[in-house]
Amino acid sequence: MSNRLAKPLRLGVNIDHVATIRNARGGRHPDPLRAAHIAVEAGADGITAHLREDRRHISDSDIARLKAELTRPLNLEMAATDEMLAIALRHIPNACCIVPERREERTTEGGLDVIAGGDRLRRIVEELKAAGIRVSLFVEPDERAIAASAKIGADIVELHTGAYCEKALEDNAKALAGELNRITQATAMAADSGLEVHAGHGLTYNTVKAIAALPEVVELNIGHFLVGEAIFGGLNAAVRHMRELMNEARRESEARARRMADQLS
Ligand code: PXP
């Protein structure tokens, strides 16, 4: 266990699936911007939206409206394409998280292959950074991906927590601990490489605390579960509860780190 003292932990609420529900009928309801305002009121530190190449949920006009009206930072998730680069440079979000994208996938299934991204990915990272946009790469909690992200000049790595969250649904404590250990090692390595560490994908009330407890992680991006919970108790309550669990995990891990530091001194 790390004895680093934790930095404050931010919550980015991903509103993609508000747009998924809207698009099911093609009208304007429910409006992702309204959801973003509610998430901010409930304690979100930022809003995340993924403009997919097939526009299956978030649309170009959603991005324009979010950028114009949000009072908190916008994190634009995007594929490493020239089309998306041009959109990002038009709107200048606070951050861009570059994700792998395959049309046939239901969601972003794995991390970015930073090494295969080569010069094209490096150029996109450079152009975004030159425009003052913070650049994050969505990667597996894997040593090679993190080293390549640092080398290419990314500011941030967002570690994919999907495999960990899937293991949490199985009755296999050893496999779950193995995945958590992989993420724990990756957070330390990324922070040591000078990268800011974010995490996300598949997080729920059950899985968020273990990830929020990792002191190097400074931002979690959470979407699908919160939008799903909003059906039962409202988005405000869902975001508030997630925020409380994150704060609780952070307080507990800070207390543990202090006890370890006291024992060592
Ligand atoms: N972070 C990234 C980079 C993502 O692509 C996604 C899904 O769009 C999320 C976080 C949020 O994942 P979920 O919707 O499963 O909470």
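Me: What makes the approach of glutamate 158 to the ligand a polar contact?

Reply: In this predicted model, a nitrogen atom of the ligand is 2.5 Å from an N or O atom in the side chain of glutamate 158. A polar contact is a pair of N or O atoms within 3.5 Å, so the pair qualifies.

Me: How do you know that glutamate 77 and histidine 224 make polar contacts with the ligand?

Reply: The side chain of glutamate 77 has an N or O atom 3.0 Å from an oxygen atom of the ligand. For histidine 224, a polar backbone atom is 2.8 Å from a ligand oxygen. Both values are within 3.5 Å, so both pairs count as polar contacts. The protein covers 95% of the 390 Å² of accessible area that the ligand has on its own.

Me: Which residues come nearest to the ligand, and what classes make up the shell?

Reply: Of the 14 residues around the ligand, Glu77, Glu158, Gly202, Gly223 and His224 come nearest. The shell comprises four nonpolar, seven polar and three charged residues. The space that the ligand takes is the largest pocket.

Me: Why is the pair of tyrosine 205 and phenylalanine 225 called edge-to-face?

Reply: The ring centres of tyrosine 205 and phenylalanine 225 are 4.7 Å apart, with 80 degrees between the planes. Centres within 6.5 Å make a pair and planes over 60 degrees apart count as edge-to-face, so the term applies. The structure holds one aromatic pair.

Me: What does this aromatic pair tie together?

Reply: Tyrosine 205 lies in the loop between β7 (196-200) and α9 (208-212), and phenylalanine 225 in helix α10 (residues 224-233), so the pair links parts that are 20 residues apart in sequence.

Key: Residues are numbered from 1 along each chain as its sequence is written. This is a predicted model: local features need pLDDT of at least 70, side-chain atom pairs count only at pLDDT 80 or more; totals for chains, interfaces and linings use all residues. Side-chain values use heavy atoms; hydrogens and water are left out. A residue is near a molecule or strand if one of its heavy atoms lies within 4 Å of it. A polar contact is a pair of N or O atoms within 3.5 Å; within protein, one must be able to donate a hydrogen and the other to accept it, and residues adjacent in sequence count only if both atoms are side-chain atoms. Accessible areas come from the Shrake-Rupley method with a 1.4 Å probe; for residues, only the protein chains shown count as cover. On a 1 Å grid over the protein atoms alone, a cavity is a set of points where a 1.4 Å probe fits but cannot get out, and a pocket is an open set with protein on both sides within 12 Å along at least five of seven lines; lining residues have an atom within 4 Å of a point. A molecule sits in a cavity or pocket if more than half of its atoms lie within 2 Å of its grid points. Ala, Val, Leu, Ile, Met, Phe, Trp, Tyr, Cys and Pro count as nonpolar, Asp, Glu, Lys and Arg as charged, and the others, Gly among them, as polar. Rings of Phe, Tyr and Trp (its six-membered ring) pair if their centres lie within 6.5 Å; planes under 30 degrees apart count as stacked, over 60 as edge-to-face and the rest as tilted. Helices (H or I, at least four residues) and strands (E, at least two) are DSSP runs, numbered from the N terminus.
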